[in-house]
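Here are a few notes to help you find your way around. Please keep the structure open beside you as you read.

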Amino acid sequence: AVVTGLVGTLGGGLLLDLAPRTVKADRQTASLLLALALMGVAWPLCILAFRVESYRMFLGLMFVGQLAAFAAIPTINGVLLWCVPGESRPLSMALSVVGIHLLGDVPSPIVVGAMLEHLPDPRCVLQIVMGWLGWCLVFWAGACYISHRRHRKQQATALTQPLLGAEISV
């Protein structure tokens, strides 16, 4: 996890630098698309890792899945910073961290522990936990759509704005 965390986060940062130029979109939409793609890779690999019988296959799938998941972190942080005005960026990051702890770190050991007590197969429990990441894909896809739509609307407004204020000479 340490290697995938370090390499994935650095690699995600490099991909984040390339994303707006490659995708030809504003950086917020490009970052959301990159996060969606990376988690789209990570999610099925991590679920599949708990279904395989081979230990080597498990390690390989988890390594690539975690690498992709950690690579999504810089893109998510970029979006959190770019979607608010400059003076609100510290608050944006602080609320994100509090939300992660309240909705993830604090209740997850309790929920997973209860599931392990009531479900017979621990691998099934871990698949359910990994399956929960699917919600990330749904919400990021919605955020991509909203961001792209808003960017197109701003571009259209910017194109028509000079025309509305221009004088017509005969």
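1. A good place to begin is the aromatic cluster: Phe50, Tyr55 and Phe58 are joined by ring pairs. Please bear in mind that this is a predicted model. Across the whole structure, a search turns up four aromatic pairs.

2. Take a look at Tyr55 and Phe58. Their ring centres are 6.4 Å apart and their planes meet at 25°, so this pair is stacked; the cut-off for stacking is under 30 degrees. Both residues belong to helix α3, where they sit three residues apart, or about one turn of the helix.

3. Are these two residues buried or exposed? Tyr55 has 59% relative accessibility and counts as exposed, because the threshold is over 50%. Phe58, with a relative accessible area of 23%, is partly exposed.

4. Helix α3 also leads us to the largest pocket, since eleven residues of the lining, the largest share, come from α3. The volume of this pocket is about 1600 Å³. Elements giving two or more residues to its lining are α2 (27-49), α3 (55-82), α4 (89-105), α5 (108-118), α6 (122-131) and α7 (134-165).

5. Which residues should you look for at the middle of the pocket? Of the 40 that line the largest pocket, Ile100, Gly104, Trp132, Leu133 and Cys136 lie nearest its centre.

6. Finally, consider the make-up of that lining. Sorted by class, the largest pocket is lined by 29 nonpolar residues, nine polar ones and two charged ones.

Notes
Residues are numbered from 1 along each chain as its sequence is written. This is a predicted model: local features need pLDDT of at least 70, side-chain atom pairs count only at pLDDT 80 or more; totals for chains, interfaces and linings use all residues. Side-chain values use heavy atoms; hydrogens and water are left out. On a 1 Å grid over the protein atoms alone, a cavity is a set of points where a 1.4 Å probe fits but cannot get out, and a pocket is an open set with protein on both sides within 12 Å along at least five of seven lines; lining residues have an atom within 4 Å of a point. Grid points are joined across faces, edges and corners, and a volume is the space filled by probe spheres set on the points. Helices (H or I, at least four residues) and strands (E, at least two) are DSSP runs, numbered from the N terminus. Ala, Val, Leu, Ile, Met, Phe, Trp, Tyr, Cys and Pro count as nonpolar, Asp, Glu, Lys and Arg as charged, and the others, Gly among them, as polar. Rings of Phe, Tyr and Trp (its six-membered ring) pair if their centres lie within 6.5 Å; planes under 30 degrees apart count as stacked, over 60 as edge-to-face and the rest as tilted. Buried means under 20% relative accessible area, exposed over 50%, partly exposed in between (1.4 Å probe, protein chains only).
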